Amino acid sequence: MKTRRDFIKISAAGVGAAAIGLHALSWDSVTAQFVADGDTSPVSDEELTNYPTFCEVCFWKCAGFTYVDKKGNIRKIIGNKDDPHSNGRFCPRGTGGVGMYWDEDRLQTPLIRETKADGTQYFRKASWDEALNLVAEKMNKLRLEHGPECLALFSHGTGGKHFSHLVKAYGSPNITAPSFAQCRGPREVAFTATYGEDVMSPERTDIRDTKCLVLIGSHIGENMHNGQIQEMSEAIDQGATIITVDPRFSTAASKSKYWLPIKPATDIALLLAWMHVIIYEDLYDKAYVEKYTFGFKELKEHVKNMTPEWAYGITTIDPNVIRKTAREMAAASPAVLVHPGRHVTWYGDDTQRSRAIAIVNALLGSWGRRGGFYNPEKVHLPKYPAPPYPKPKRSWRDAYPPGKYKLVTEVLSTGICDASIPNADLDCHLRGWIVYGTNLMASLPDQKKTLEAISHLDFLVVIDTMPMDIVQLADVVLPECTYLERYDPIRTSPHREPYIALRMPAAEPKHETKPGWWIAKELAKRLGLGDYFNYENYEDVLDWQLKKVGSSLEEMKRIGVKKFNREFDDLYFLQNLEDFEFNTNTGKIELYSTELEMEGYDPMPKYTHHEEPADGYYRLNYGRAPMHTFSRTSNNHNLWDLMKENSVWINPKVAKLWDIENGQYIWLKNQDGIVTDFPVKARVTERIRWDSVYLVHGFGHTDKKLTRAYGHGASDSKLVSKIHMDPIMGGTGMRGNFVTFLKEKPGKEVNA
Amino acid sequence: MRYAMAVDTKKCVGCGDCVVACQTENNVPHGYCRDWIVENVAGTYPKLEIELRSERCNHCENAPCVRCCPTGASHIVDGGIVLVTHDECIGCGACIESCPYDARYPHPEGYVDKCTFCVHRVTDGENPACVDVCPTHCLHFGDLDDPNSDVSKILKNRKWKVLAPEAGTKPQLYFLT
């Protein structure tokens, strides 16, 4: 019915100031920062005022201070030494967070999609009143005609909490984030099945005190999870052994004693062989396994024939190396950490691979032990008084037949897409989306399905700071100010000791942008839900909450971060074989999962062979670069300076075969004929296996309004059109896509 | 007093935080940098090594940039820090050509610019911004004449190298290997 919602190139009428052209090194356009008035010298800290904040450039949320000069200009952001996430040291993205504030491409005013007589669409600049009234009108209509459950919220980041509160008050349970089904979901489900608890964020990994750190495809150092990098660096100083399993010679691999250049998609075979060696060479922690685990006998029988020689044929890893590394882990036990990783949705059997990781840790007795996994604590802030939420009558799950993804513990973002596409079995599909702080075109795989779901919507509201690709599809755009210009909920993430951190504005919101809490409150007012936002300013909420835990807004404005005492002295709660009942069916660590068995899944992980690339195709692997967060930082000038585009890593042997030179721009085409929008630079490097290629995620933006990021590099998300669903929890396995090279610009028909 | 910096290549992950911190601390214009990352890959798959280095001005004891400066803008101050007086620099670029480390760049305001070891911080007893921000703690700074300084201690205990020793510049940037 609708062919509307074409991608709008926002350059159309009424959007205010003209876009500044792309002049990488031109002084005229790049001086937006502080130098416009000829001020080019450093300013000593005495001349600057600082305000506490915690970072929103990634999910690690390091606490620090924003420094502002006498003219009110934000100059720099420096870590807070009292913060365990950063220890006073921000990563490049946190340090470069100033670039988000200064970005001249920021969304400036509310925008409303309009259609001209000739059918072309454009965004019209609107007042807040008009935009909010329109969104409320659409939401009211939806509630009246179809029920509040037909609304969904996608959110990512701290400010999302304001909108999840709004959506719950409105009456919808459909609140999702790509961080589950596209990222850490399998890990949480697998660890919960094994230990009755999940890994949490920040991860409860005791890297600082470990004697042996094992990374399975986890590229710490390229993923810049600040606390983990710092602790890995400390572990290197302490002489810890690092073992890295990765088809690519990652930065972490280059710091490792052992690098296992594994054939992609075979990790479970290696993990099973490690179990075999640890069990059959009698290297496991006997007292721990005896006291805490269930199903050891079954596991021993299960891995009987899974010898290193068996795994060699699958993984291409030398059996002697498999034995040596298993022994090295056991020698460090229990101060050994087989890291569960974070982005683990790879091949569709990811819960089982994460289970295998959980099991190896259990055999080595590392859960609950120093140098393994600790027991974090967090501060529980009381909820600001609000009426109880209405009880939803339906949910996104109604889109699936019962029995699918039985162990899902959070709302699936891809499930929301499925539930938004009308089908005969659905009495009501989802009809309205609010998207907060996540660029769905890059964060979800299978863009075709996302676009299809969006095409069926009655309305799409996007709240963001930047004109991300998803913004082009919105009906209404609500521009939020950056995290440096707003209050947000207190950070209470779990750690070795419980901490809280405050984010407060260091400057007035630029342009006509507004903080998330204000936008949510104003919408609530217009929806008759004002009771749920019973305050004038968000400061009232923060002060009320802080006073309940013995602090105050005034105190937090001074110190930024506050440490509390642990409630229980049980950081390493299994260190001395203390009695403990796990939150599983058997009360034990389940090597053999009764829960998985009951739901009809394999109770112990098995190796399954995955599809391999056809002739002339290469497995598409993707990952992170330390100076960028997903697709959200690619236009940030400070970080763009460090990395302007991604490149496709190609092994020299492969490059020779294709006659591709280092630095040459090529196009990538995947198994479904999908071609990258823009050419991508070939990086011919020994660091990558011959059967795969590698892209840093988050590039290839299609919105010209992102004047720096537009057209630079290739979008891996676009090439991930084939998804291998995890049957246990609905994770979207994304590493079963294959690409080939095009040396000439492809014709239009290829891209259709 | 002799200021020096040691860069631990065993710990550096090449994240570029030193570059951004320098940019915001010293107001370095976008598109330019006073420090940068070098990645050297050696070997063939799967026998590989990477060396990652954070590089900047070496604050040479025998500094060719100072010797060749026609106006005296490039000079050495207490502690051996090589500086450029912006007002005296005519932007001729001789120093840029003479530097074996490619550490200098022409600032768009017309003078030549480079790392100052954050002299404004160091004189207050603080570390340069890059040292204080590095998440891997791979940068060490201090006074070589003080045997108890961070940099003296680490150079005593670890193997190190300098870049382009053949240039005879007596650089004060050390790389722990």
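This passage describes the fold of chain A, its aromatic pairs, and selected backbone features in chains A and B of a predicted model.

Local features were accepted at pLDDT of at least 70 and side-chain atom pairs at pLDDT 80 or more, whereas totals for chains, interfaces and linings use all residues of the predicted model. Residues are numbered from 1 along each chain as its sequence is written, chains are lettered from A and ligands numbered from 1 in the order in which they are written, and side-chain values use heavy atoms, with hydrogens and water left out.

Chain A contains 25 helices and 26 strands, where helices (H or I, at least four residues) and strands (E, at least two) are DSSP runs numbered from the N terminus. The C-alpha trace of this chain spans about 75 × 65 × 65 Å along its principal axes. Its radius of gyration is 26 Å, in agreement with the value near 27 Å for a compact globule of 752 residues; the radius is taken over C-alpha atoms, and the globule rule is 2.2 Å times the number of residues to the power 0.38. Of the 752 residues in chain A, 65% are buried; buried means under 20% relative accessible area, exposed over 50%, and partly exposed in between, with a 1.4 Å probe and protein chains only. Among contacts in chain A with a separation of 6 or more, 74% involve residues 24 or more positions apart, a contact being defined by heavy atoms within 4.5 Å. The accessible surface of chain A is about 26,700 Å², and carbon and sulfur atoms account for 50% of that area; the Shrake-Rupley method with a 1.4 Å probe was used, and for residues only the protein chains shown count as cover.

A search of the whole structure yields 37 aromatic pairs over all chains. Rings of Phe, Tyr and Trp (its six-membered ring) pair if their centres lie within 6.5 Å, and planes under 30 degrees apart count as stacked, over 60 as edge-to-face and the rest as tilted. A:Phe154 and A:Trp433 form a tilted pair, 4.6 Å from centre to centre with 55° between the planes. This pair links distant parts of the chain, 279 residues apart, with A:Phe154 in strand E6 (residues 151–155) and A:Trp433 in strand E13 (residues 432–436) of chain A. A:Phe154 is buried at 0% relative accessibility, and A:Trp433 is likewise buried at 0%. The rings of A:Tyr195 and A:Trp367 are stacked, because their centres lie 4.0 Å apart and their planes meet at 10°. Here A:Tyr195, in helix H6 (residues 178–195), is linked to A:Trp367, in the loop between helix H14 (350–363) and helix H15 (413–420) of chain A, across 172 residues. Both A:Tyr195 and A:Trp367 are buried. In addition, A:Tyr384, A:Trp517, A:Phe533, A:Tyr535, A:Tyr538 and A:Trp544 form one aromatic cluster.

In chain B, B:Asp8 is located in strand E1 (residues 3–8) and is buried at 1% relative accessibility. Beyond its neighbours within four places in sequence, B:Asp8 contacts B:Cys138, B:Arg158 and B:Leu176.

Cis peptide bonds include that from A:Ser333 to A:Pro334, with omega near 5°, and that joining B:Tyr45 and B:Pro46, with omega about 0°. A:Pro334 occupies the loop between helix H13 (319–332) and strand E12 (336–338) of chain A, while B:Pro46 lies between strand E2 (36–44) and strand E3 (47–55) of chain B. Positive phi values near 50° occur at the non-glycine residues A:Phe630 and B:Cys118. A:Phe630 is partly exposed, with a relative accessible area of 24%, whereas B:Cys118 is buried at 6%.
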